[in-house]
Amino acid sequence: MSEPEPGTTDGTGPTAAVETNTAALDGTNSDLAVHLDGITKRFPGVVANDDVDLRVERGTVHALLGENGAGKTTLMNVLYGLYRPDEGRVVIDGEERTFDSPRDAIDAGIGMIHQHFMLVDPMTVAENIALGNEPTKWFGMAVDRDRIDREVRDLCDRYGFEVDPDATVENVSVGVQQRVEILKALFRGADVLILDEPTAVLTPQEVEGLYDVLEELTAQGKTIIFITHKLEEATHAADAITVLRDGESVGTVDPDRTDREALAERMVGREVILEADSDPVETGDTVLSTRDVTVEDDRGVEVVSGIDLDVRAGEILGIAGVDGNGQAELIEAITGLRLPDEGRINYAGDDITTWSRRRRIENGMAYIPEDRQERGLVMPFDLVENGVLGSQRSGRFASGGRIDWPGVRDHAEEIIETYDVRPPDANADARSFSGGNQQKFIVGREFERDPSLVVATHPTRGVDIGSTEFIHDRLLELRREGVAVLLVSSKLDEIRSLSDRLAVMYEGEFIDVTDPDAVTEEELGLRMAGQRPDGEADRHPNPGESR
Amino acid sequence: MTEVTTMRNSLHRARAALEQRPLAAAVGGVAAVLVVLWATPASWQTSTLRFAVPIALAAIGGIFAEKSGVINIGIEGLLIVSAFSAIVVVDWLGDGGATAGVPNLWWGMLIGVLVSVLFALLFAIVCLEFEADQIIAGLAVWLISLGLAPFASRILFDSPNTANITRFENVTVPVLSELPVVGYLLFDTEPQVYIMLAGAVAGWYLLSRTTFGRWVVASGENPKALDTAGVDVRKVRYAAVLLSGVFAGLGGAGFGLGTLGTFAGTGDTVINGRGFIAIATYLLANYHPIGALLGSFLFAGLNSMQSGLQAAGYAIPTELIRTIPHMSVIVVLVLVGRTRLPDAAGDHYESGED
Amino acid sequence: MRDRLESLAERLARSSVVDRLVISLAALVTAVLIGGVLVFVSGAFASCRTGLELGGATFCYNPMQVYYELFLGALGHPLEGGWTLTNYSLATTLQQTTLLIFTGLSVAVAFRAGLLNIGTQGQLVVGGLATAVTVVYAAAVVPTGFIGALVLIPLGVLAGALAGGVYGAIPGALKAYADANEVITTIMLNIIAVGITSTLLSWQFQDPNSPNPQTAPVPEYAEIPTIPGGFGGGMDFSLLALAFAVALMIGIAWLFARTSFGYELRTSGIQPGAAAYGGVNEKRMTVASMTLSGALGGIGGAFWVLMVHGRWLENVPSLGFDGIAVSVLAGNSPIGVGAAAFLFGIFDSGGNSIKTATDVPPELVGILTGFIILFVAMPEFFRLLGRRYITVDAARPARADGGDAGVDDGGDDDA
């Protein structure tokens with residue numbers, strides 16, 4: 001096994017390649033760390049990358065910008081040896097390379113930080129960092145744990161990371177896990193780091209911290225490729241931006257010389273307006289209220305601590321927050337998938353704390369679940385069978401224990417037509433539809449229940465722009481009709497534009513409840529990171545009593 | 001139900017505490033063992049150790065397979081084929097003799113392990129190459145073994161039971177066997193007991209101290225993390241499943257040659273669910289090889305106590321006594337509750353899928 | 001009606017039914033081939049007077065003869081002279097088919113609910129004893145003759161179903177409320193069932209007139225009656241029982257396809273998360289499906305008692321284990337269970353023919369069963385073979401899902 005020599009493989013030193021040379025953008029500079037030349041990658045029926053060029057100069061942050069499905073990740077998987085390109089060359093440090101596996105890419109000094117971290121949760125930070133590259137002692141008979149520990153500490157010192165090598169990965173924050181991923185790549189002697197949507201799971205403050213890390217890394221001669229679909233991040237952090245659209249490269253630009261509107265149009269290929277209107281509407285009676293609700297997760301850890309909230313007919317209450325701060329468990333308690341350990345839940349005048357899930361459904365509670373492929377749809381069932389999920393015992397579709405399948409079929413076809421599910425085939429299995437169309441079917445099924453409360457969690461996650469606009473419109477329409485809506489989303493723009501009131505959840509508690517127009521995105525970000533609003537200490541943070 | 005939950009929680013806490021403080025656990029364990037040794041008859045102790053052999057070794061093998069992400073429920077089958085083939089080989093080479101300077105018993109041991117590994121290889125290929133459902137494939141391995149042993153026995157011996165062979169004799173370690181309390185137990189015993197004790201220590205070392213052990217754990221928890229770190233998940237899983245074949249083979253052959261001396265092939269065969277008891281054992285031990293060894297003493301102790309009760313002629317029906325170890329498995333499973341299985345256990349992993 | 005039929009045809013064509021059928025048949029053929037090789041090779045180790053001399057070794061067994069006995073012997077050798085439809089071997093085959101339909105359905109019901117019930121064997125053992133004891137004791141207070149049959153047979157079947165149901169509910173409850181893995185608990189409960197029943201037998205129910213471990217016989221009129229023109233007395237098989245089994249099979253199929261309970265059961269089996277979301281109480285569903293599964297196993301025990309022996313014997317054949325094979329081979333489809341049960345009925349009856357007509361150990365049947373399960377568990381094996389040797393593979397749609405996943409930027413979400 002090759003012994004990694006972290007920290008010593010790059011002899012460039014901190015001063016070697018700090019200055020940015022924009023001449024690289026013209027392709028005249030030969031000091032390219034990575035050069036992807038005419039990469040084409042096809043999948044059955046789709047061309048994921050079509051003759052894409054990418055030139056990344058050493059010691060810079062290079063953003064790869066594009067919408068979901070533009071082929072960014074595919075291109076990086078080619079660079080990382082996970083896919084072999086059908087056409088084109090991969091040139092690293094001026095030398096053409098063929099990668100059969102990530103191992104080859106790692107040996108060539110390339111490291112990848114995946115969006116979904118590739119960490120083994122029950123192992124320690126140090127064990128994860130060394131995984132697959134463990135130095136050994138006693139002729140390979142034992143892992144040299146002291147040496148791993150030493151080298152990890154050296155790396156942390158060098159790049160200014162504050163990470164405890166002995167902590168278990170599942171016990172550290174997401175931001176730290178990301179640093180562990182970066183350390184893992186550095187431990188293997190990576191000179192080029194690929195970061196796939198690195199900000200997706202971070203709070204705005206953690207994002208700032210990440211930018212600092214990137215700066216430190218490039219200052220020490222490392223090269224960063226930064227995959228993102230967020231314009232601001234690309235312009236903020238990158239020295240150069242390559243835009244991908246529909247699998248093709250639409251050019252590389254210098255962020256200092258391009259305005260954002262032009263960049264946006266280049267990325268999407270058309271003008272984009274994402275402005276949902278949410279005029280204030282007359283609200284009615286309280287439909288849902290919780291008092292002092294406390295919920296434990298599967299491991300018995302209290303993740304929701306004493307939540308009070310009220311949702312009235314005709315209003316949208318948004319819950320913002322970084323994923324994993326108890327939103328999921330709170331929603332499960334409200335929708336009947338998890339029994340709260342303390343507190344009461346009232347719905348339309350009844351105490352429903354211990355009601356079964358079915359009883360809640362029958363009483364007009366619609367629920368768009370977070371995970372449509374685990375919960376919302378039965379993937380091997382066709383849309384007809386999925387159309388009755390949740391109503392399989394309701395009088396509308398069943399009598400005497402028998403399901404009225406022709407009636408269900410008509411219902412499913414109606415949803416497909418009204419909610420524009422494509423392809424419009426009720427006999428097709430749910431798994432054969434794209435994520436956006438799956439979501440439209442769920443939204444249709446839930447909205448057609450004639451609900452008095454809609455609980456929507458991340459209703460547009462992974463959904464294309466067109467379907468997103470459609471789902472937003474339907475939510476606002478329901479609100480106009482006097483339905484109470486509880487919306488959970490980690491997309492700030494979505495939750496700010498739709499909500500009438502906005503609660504920020506952090507570590508199982510509501511940090512603040514405000515009018516979404518009264519706070520800036522920065523303030524919201526701070527609260528999502530746990531900082532309580534200044535000077536508002538006298539105001540009770542619970543939405544139940546804030547009105 | 002709440003009482004069960006309370007007991008379960010205290011069990012889990014105790015288990016977690018033991019794992020966090022290995023030194024305290026070791027001291028406490030030794031103390032507890034000494035008390036048990038002082039309080040129980042020597043004959044029960046020796047027979048417990050012998051009955052523990054197939055359970056402990058099969059459990060340790062099962063730990064490796066399951067930790068790597070392959071649930072090997074066919075381990076019962078591996079015990080059957082290894083015990084059977086070991087006895088057949090000894091009978092064929094000549095009971096009590098030696099071949100090429102090596103006693104035939106040891107040839108039986110070797111072949112028993114090889115046959116077990118062969119079956120483990122079959123299981124590994126079926127699961128890793130052809131994406132078979134691990135549980136069903138494991139059941140199939142069990143059923144095939146269940147049919148094959150008596151089938152072969154009828155051809156060779158005209159009966160579902162094999163001939164009798166002379167079993168392993170005690171090996172006495174000089175000086176150490178004179179130690180008070182544990183000497184006669186640990187240093188004046190049969191070879192398969194030494195193998196079990198050494199196997200438990202080796203299993204623990206391999207799993208917790210070597211590179212391979214870490215890869216096994218990563219392969220079961222997050223194979224993609226291991227794959228992207230440049231390690232071939234499939235090779236790790238193959239190695240782990242074959243290793244489960246080695247351990248189960250040692251357990252089965254050791255049990256056959258040291259304790260049974262003949263293989264009875266009727267019904268569930270003489271192995272009689274010991275492989276499944278082994279699975280319950282490692283769940284109880286939370287995948288810790290030393291814990292699995294201690295856990296196997298629990299079931300083996302009940303097993304030998306049952307023999308003792310029968311011999312003492314208590315009025316309890318023998319048929320019911322015989323099920324005591326099996327009932328205790330259910331009690332243990334209820335107390336353990338859902339053990340946190342490795343995240344990717346039971347799932348096929350295909351490198352490169354996204 | 002017409003378009004309903006059309007849509008049914010469409011669904012059949014598109015779904016994996018054909019795929020399944022091909023895989024099951026391929027598994028059967030492969031297992032038979034392997035079994036043939038095994039028989040031939042093991043013949044070299046057996047001793048015999050005549051055999052095939054090859055390379056210095058004597059191969060005693062002829063696989064063709066073995067399979068002739070297995071498959072045609074089970075039907076009573078229809079190609080030989082003097083064959084009648086109602087022969088003893090065919091009666092045995094159909095008798096086993098009937099019983100295996102019950103146990104196969106038992107396993108299939110649990111399977112479809114996502115539970116692997118290895119415990120059908122124990123449920124059958126317990127149910128059978130309950131049936132025998134109930135009928136023997138009730139016969140004392142019930143009139144004899146036709147009225148007696150009308151009361152005792154349903155009562156016996158009900159007792160079997162109840163006892164089997166309760167014995168199946170135990171691992172269900174342990175799974176639902178204590179998270180105990182049902183595969184291991186049911187295997188343990190099988191062994192425990194043997195212990196409990198034989199203890200009960202020696203304690204209370206042993207037939208005083210017999211040295212063998214068995215209960216007193218049920219009255220003759222309480223055995224499942226045969227119908228005129230069917231398989232006559234002494235063959236221990238009744239077409240009425242088979243008809244009941246087939247009706248039950250259709251009933252279970254209807255339950256799955258048409259009822260709310262069936263829909264919830266299938267959803268729980270495929271995606272527990274979606275079932276919970278859809279308002280299914282998972283714990284109750286676990287207990288309910290295991291109870292139903294156990295009841296079916298218990299009915300199997302009831303028919304074993306009332307049709308085959310007329311009493312409960314300690315040595316219960318492995319009908320429950322074979323039920324696993326039946327269900328696996330049938331792809332857990334209730335209708336498929338019928339066909340698979342017939343195949344394994346042939347195995348059981350043909351096993352007897354092998355025993356009488358050849359020297360090959362009848363345990364061969366168990367090995368074949370194991371291999372069939374093994375090959376059914378690995379459909380990918382046959383798909384790979386199919387892809388290699390059959391170039392046109394139009395039946396399967398192009399793997400659109402795989403392609404999608406590739407370009408969906410890793411299926412990421414833009415949170």
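Let's start with strand 15 of chain A, residues 316-320. In this predicted model, strand 15 is mostly covered, with five of its five residues buried.

Which residues sit on each side of strand 15? On one side are A:Ile316, A:Gly318 and A:Ala320, and on the other are A:Leu317 and A:Ile319. In a regular strand, side chains alternate between the two faces of the sheet. Here both faces of strand 15 are covered, as the residues on either side are all buried.

Now the pairing. Strand 15 of chain A pairs with strand 22, residues 484-488, in the parallel sense, over four bridges. One pair to find on the screen is A:Ile319 in strand 15 with its bridge partner A:Val488 in strand 22. Strand 15 also pairs with strand 23, residues 501-506, again in the parallel sense and over four bridges. There, A:Leu317 has A:Arg501 as its bridge partner.

Next, the chain as a whole. How many helices and strands does chain A have? The count is 17 helices and 24 strands. Chain A has 547 residues, and 49% of them count as buried. As for contacts in chain A between residues at least 6 apart in sequence, 70% join residues at least 24 apart.

Now some backbone details. Most residues other than glycine have a negative phi, and most peptide bonds are trans. Three places in chain A are worth pointing out against that background.

Take the loop between helix 13, residues 405-418, and helix 14, residues 435-447; A:Pro423 is in this loop. The peptide bond joining A:Arg422 and A:Pro423 is cis, with omega about -5°. The loop between helix 13 and helix 14 also holds A:Asp420. A:Asp420 is not a glycine, yet its phi is positive, about 55°. Is A:Asp420 buried, exposed or partly exposed? It has 14 other C-beta atoms within 10 Å, so A:Asp420 is partly exposed.

The last place is A:Phe139, in the loop between strand 7, residues 136-137, and strand 8, residues 142-143. A:Phe139 is a residue other than glycine with a positive phi, near 55°. Why does A:Phe139 count as exposed? Because it has 6 C-beta neighbours inside 10 Å, and a residue with 12 or fewer is exposed.

To go back to the start: strand 15 of chain A has five of its five residues buried, while A:Phe139 counts as exposed and A:Asp420 is partly exposed. That is the end of the talk.

How values were computed: Residues are numbered from 1 along each chain as its sequence is written. Chains are lettered from A and ligands numbered from 1 in the order in which they are written. This is a predicted model: local features need pLDDT of at least 70, side-chain atom pairs count only at pLDDT 80 or more; totals for chains, interfaces and linings use all residues. A residue is buried if 20 or more other C-beta atoms lie within 10 Å of its own, exposed if 12 or fewer, and partly exposed in between; C-beta atoms are placed from the backbone. Helices (H or I, at least four residues) and strands (E, at least two) are DSSP runs, numbered from the N terminus. Two strands pair if DSSP finds at least two bridges between them. Two residues are in contact if their C-beta atoms, placed from the backbone, lie within 7 Å.
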